[in-house]
Amino acid sequence: MNNRSYVTVLISTVFVAFCWETACQEKSSKTPLAKGYPYELPQLGYRYASLEPYIDVKTMETHYTKHHQKYVDELNAVLKGKPRVAKIPLEKLLSDPLKIPRALRTKILNNAGGHYNHSFFWLCMTPCSSRKPTPVVEALLTKHFSDFDSFKTAFSTAAKSVFGSGYAWLVLQKDGSCAIITTANQDTPFSRGMIPLLCLDVWEHAYYLKFHNRRPDYIDQWWNVVNWDHVEQCYTDAQGSQRPPKNFERNSSAVA
Ligand SMILES: [Fe+2]
């Protein structure tokens, strides 16, 4: 390698390191979020482009500013003038739908679920993923799924199998065990008495701009941006409790 090539490689390496460091610092720049109704989009802990090349910038921007925003707007619209329902924390609405008047139930559940699921999904990703579970999470996955690779395969298979729109989840069950489940549309694990630890959005709007109809390719790439620290935080917060993870409460605008 001549001197010119060496300098070019060196500059490129420094630039990539600088970008990675900058992206990883973004996650600590979260600002406090508004609480309760009226709901707002939560702050992302990273820029739209920070998950490139695995999740493209256009998908992130559209997903966040159009799709997630629509759930927030429609939830606020249906709760307007309904102070008794509006003051109920989001996860309580999702856990106990009978608290919602029958005439409003479907519309509120769809949009509250859409707001919760997306808020949680953003937290499940980071531009500085370790690409492998933390020791605590690895031990958990080994206990319930044999090992990390077996879990990863089972989770990917579940995500690929969702018919139409929905999510794949790693959840904590009432008996303290972990399970992989899928939900349709904007249903949440709360309706089954489960606490979410990790989720993957497999609606087409989450991947179509980059991957078109190739959902399996999107799922394979998504593993590169999983936020394993978030999974551990959710697990730590949720152990022995049926309350939602504190992590969500700290970072979402959805909790009163
Ligand atoms: Fe989505």
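These are my notebook entries on a predicted model.

**Entry 1: confidence**

I began with the pLDDT. The mean for the protein is 86, and 80% of the residues reach 70 or more. Then I looked for weak stretches. Over residues 26-34 the pLDDT stays under 50, and the model gives this stretch 19 contacts beyond four places in sequence. Residues 242-256 also have pLDDT below 50, with 46 contacts in the model beyond near neighbours in sequence. I keep a caution here: predicted coordinates should not be read in detail where pLDDT is low.

**Entry 2: overall layout**

I went through the secondary structure next. I find eleven helices and three strands. Along the sequence the pattern runs α-α-α-α-α-α-α-β-β-β-α-α-α-α. I checked burial over the 256 residues: 36% count as buried. I also looked at contact range. Among contacts between residues at least 6 apart in sequence, 65% join residues at least 24 apart.

**Entry 3: the core**

Which residues have the most contacts inside the largest nonpolar core? I noted Ala112, Ala168, Leu197, Cys199, Leu200 and Tyr235, in a core of 58 residues. Helix α5, residues 102-123, gives this core its largest share, seven residues. I followed Tyr235 outward. Setting aside residues up to four places away in sequence, Tyr235 touches Val136, Val137, Leu140, Leu172 and Leu197. Leu197 is thus a partner of Tyr235 and is also listed with Tyr235 among the core residues with the most contacts.

**Entry 4: α2 against α5**

I took up α5 again, this time with its partner α2. Helix α2 spans residues 57-79, and it packs on α5 at an angle of about 145°, with the axes 8 Å apart. I record the crossing as left-handed. From α2 the contact uses His68, Tyr71, Val72, Glu74, Leu75 and Val78. From α5 it uses Leu104, Lys107, Ile108, Asn111, Ala112, Gly114, His115 and His118. I sorted these residues by type: seven are nonpolar, five polar and two charged. Ala112 appears in this contact and in the list of core residues with the most contacts.

**Entry 5: leucine 93**

Leu93 was my next stop. Leu93 sits in helix α4, residues 90-95. Is Leu93 buried or exposed? It counts as buried, because it has 24 C-beta neighbours inside 10 Å. Beyond four places in sequence, Leu93 contacts Ile88, Lys99, Ile100, Ile108 and Ala112. I checked the pair with Ile108: 15 residues apart in sequence, 8.5 Å from C-alpha to C-alpha. Both Ile108 and Ala112 also belong to the α5 side of the contact with α2.

**Entry 6: the loop between α1 and α2**

I spent some time in this loop. Helix α1 covers 3-26, and Pro38 lies in the loop between α1 and α2. The peptide bond from Tyr37 to Pro38 is cis, with omega near -5°. I found a cis bond at Glu52 to Pro53 as well, with omega about 0°. Pro53 is in the loop between α1 and α2 too.

Gly36 is another residue of the loop between α1 and α2. With 15 other C-beta atoms within 10 Å, Gly36 is partly exposed. I looked across to Pro89: 53 residues along the chain from Gly36, with the C-alpha atoms separated by 6.8 Å.

Leu44 is also found in the loop between α1 and α2. Leu44 is buried, because 20 other C-beta atoms lie within 10 Å. Leaving aside neighbours within four places in sequence, Leu44 contacts Tyr64 and Trp122. The C-alpha atoms of Leu44 and Thr126 are 9.8 Å apart, across 82 residues of chain.

**Entry 7: positive phi**

Last, I looked at backbone phi. Which phi does Ser146 have? It is positive, about 85°, although Ser146 is not a glycine. Ser146 lies in the loop between α6 (135-145) and α7 (148-161). Ser146 counts as exposed, because it has 11 C-beta neighbours inside 10 Å.

Asn185 has a positive phi as well, about 55°, and is not a glycine. I place Asn185 in the loop between β2 (178-184) and β3 (195-201). Asn185 is partly exposed, with 14 other C-beta atoms within 10 Å.

How values were computed: Residues are numbered from 1 along each chain as its sequence is written. This is a predicted model: local features need pLDDT of at least 70, side-chain atom pairs count only at pLDDT 80 or more; totals for chains, interfaces and linings use all residues. A nonpolar core is a set of buried Ala, Val, Leu, Ile, Met, Phe, Trp, Tyr and Cys residues joined through C-beta atoms within 7 Å. A residue is buried if 20 or more other C-beta atoms lie within 10 Å of its own, exposed if 12 or fewer, and partly exposed in between; C-beta atoms are placed from the backbone. Helices (H or I, at least four residues) and strands (E, at least two) are DSSP runs, numbered from the N terminus. Two residues are in contact if their C-beta atoms, placed from the backbone, lie within 7 Å. pLDDT is the predictor's confidence in each residue, from 0 to 100. Axes are lines fitted to C-alpha atoms, for helices over the stretch in contact, and angles run from 0 to 180 degrees between N-to-C directions. A crossing is left-handed if the near helix is turned anticlockwise from the far one by less than a right angle, and right-handed if clockwise. Ala, Val, Leu, Ile, Met, Phe, Trp, Tyr, Cys and Pro count as nonpolar, Asp, Glu, Lys and Arg as charged, and the others, Gly among them, as polar.
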